[in-house]
Amino acid sequence: MKFNISFPETGQQKCIDIDDERKVRLFFDRRMGQEIDGEALGEEFKGYIFRIAGGNDKQGFSMKQGVLENKRVRLLLSAGHSNYRPRKKGERKRKSVRGCIVGHDIAVLHLVVSKKGPGELPGITDNPIPRRLGPKRASRIRKLFALDKGVDRKAVKAEERDDVRKYVVKREIKREGKKPYFKAPKIQRLITAERLRRKTKEKAQKKERWQRAKEAAKKYNVLLNNVLHERHVAEAQAHAQKTEEKKA
């Protein structure tokens, strides 16, 4: 069985092949999300704790969390389910997936290091890979640089608040024969003064439309009541006239 071991802190991963049946047997009947002592794989993994993140069988069908089987099953999947990408809106499809329990026919098992041991693992924990891109969402940029969100607007003036746009992580693009330039992501969920003005204007317009509709409905109800009253009076007069004619 192959084990794909990854370490999120360094961004590295490595695939190792273990043929020893005694070591592999310890992973059987374990579920996705469960943790296991790394010493089961060998002495070099002593002190490490691995979490089972998934796997594939020999035909390439991946494991799905929540399916309590150690074999392959066919499920009706739709948008929002894992192991399925709909091609049309509202599309559903019956697909084969593996259960979340590790069986003997798993070819590759994905493990994530949840606790690091005393020793370094070459190719997994020894060489951290820096992140190529920085955060894009405004709240995550503030969290990364510990910026002031400016919640208390009375205590902190607008010019004294931290501007998120100045802290976007840029990367330099160098091309042969061309002048280097920088690329920066478009900040998502950014609340600017222009956005606040636009929102205030939309809110005022909505309130104005509501008041106009309320006044129009009030005028319509008054007019309707007058028309109904006049009709009722006319019908009453016609009825009284007919009654008098019959008596005469």
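Guide: Before we start, a residue is called exposed when its relative accessible area is over 50%, buried when that area is under 20%, and partly exposed in between; the structure above is a predicted model.

Visitor: Okay, then is Lys 178 buried or exposed?

Guide: Lys 178 counts as exposed, because its relative accessibility is 57% and the cut-off for that word is over 50%.

Visitor: And where does Lys 178 sit along the chain?

Guide: You will find Lys 178 in the loop that runs between β8, residues 171-173, and β9, residues 181-183.

Visitor: Which residues form a positive surface patch?

Guide: The positive patch on the surface is formed by Lys 178 together with Arg 132, Arg 175 and Lys 183.

Visitor: What about negative charge, which residues gather in a patch of that kind?

Guide: A surface patch of negative charge brings together Asp 37, Glu 39, Glu 43 and Glu 44. Of these, Glu 39 lies in the loop between β3 (35-37) and β4 (49-57), and with a relative accessibility of 35% Glu 39 counts as partly exposed.

Visitor: Switching topic, how many aromatic pairs are there in the whole structure?

Guide: A search through the whole structure finds four aromatic pairs. One of them joins Phe 45 and Phe 50 in an edge-to-face arrangement, with 5.8 Å from centre to centre and 70° between the planes.

Visitor: What kind of pair do Tyr 48 and Phe 50 form?

Guide: Tyr 48 and Phe 50 form a stacked pair, with their ring centres 6.3 Å apart and an angle of 20° between the planes. Ring pairs therefore link Phe 45, Tyr 48 and Phe 50 into a cluster, since rings count as paired when their centres lie within 6.5 Å.

Visitor: Are those rings buried or exposed?

Guide: Phe 45 and Phe 50 are both buried, and Tyr 48 is buried as well.

Visitor: One more thing, which sign does phi have in most residues other than glycine?

Guide: Most residues other than glycine have a negative phi. Asp 29, however, has a positive phi of about 65° although it is not a glycine.

Visitor: Where is Asp 29, and how much of its area is accessible?

Guide: Asp 29 lies in the loop between α1 (21-24) and β3, and Asp 29 is exposed because its relative accessible area is 60%.

Visitor: And what is phi like at Asn 83?

Guide: Asn 83, which is also not a glycine, has a positive phi near 70°. Asn 83 belongs to the loop between β5 (72-77) and β6 (93-98), and at 27% relative accessibility Asn 83 counts as partly exposed.

Technical notes:
Residues are numbered from 1 along each chain as its sequence is written. This is a predicted model: local features need pLDDT of at least 70, side-chain atom pairs count only at pLDDT 80 or more; totals for chains, interfaces and linings use all residues. Side-chain values use heavy atoms; hydrogens and water are left out. Rings of Phe, Tyr and Trp (its six-membered ring) pair if their centres lie within 6.5 Å; planes under 30 degrees apart count as stacked, over 60 as edge-to-face and the rest as tilted. Buried means under 20% relative accessible area, exposed over 50%, partly exposed in between (1.4 Å probe, protein chains only). Patches are made of residues with over 30% relative accessible area and no salt bridge: like charges are joined within 9 Å, nonpolar side chains (Val, Leu, Ile, Met, Phe, Trp, Tyr) within 5 Å. Accessible areas come from the Shrake-Rupley method with a 1.4 Å probe; for residues, only the protein chains shown count as cover. A salt bridge is a side-chain nitrogen of Lys or Arg within 4 Å of a carboxyl oxygen of Asp or Glu. Lys and Arg count as positive and Asp and Glu as negative; His and the chain ends are not counted. The place of a charge is taken as NZ of Lys, CZ of Arg, CG of Asp or CD of Glu. Helices (H or I, at least four residues) and strands (E, at least two) are DSSP runs, numbered from the N terminus.
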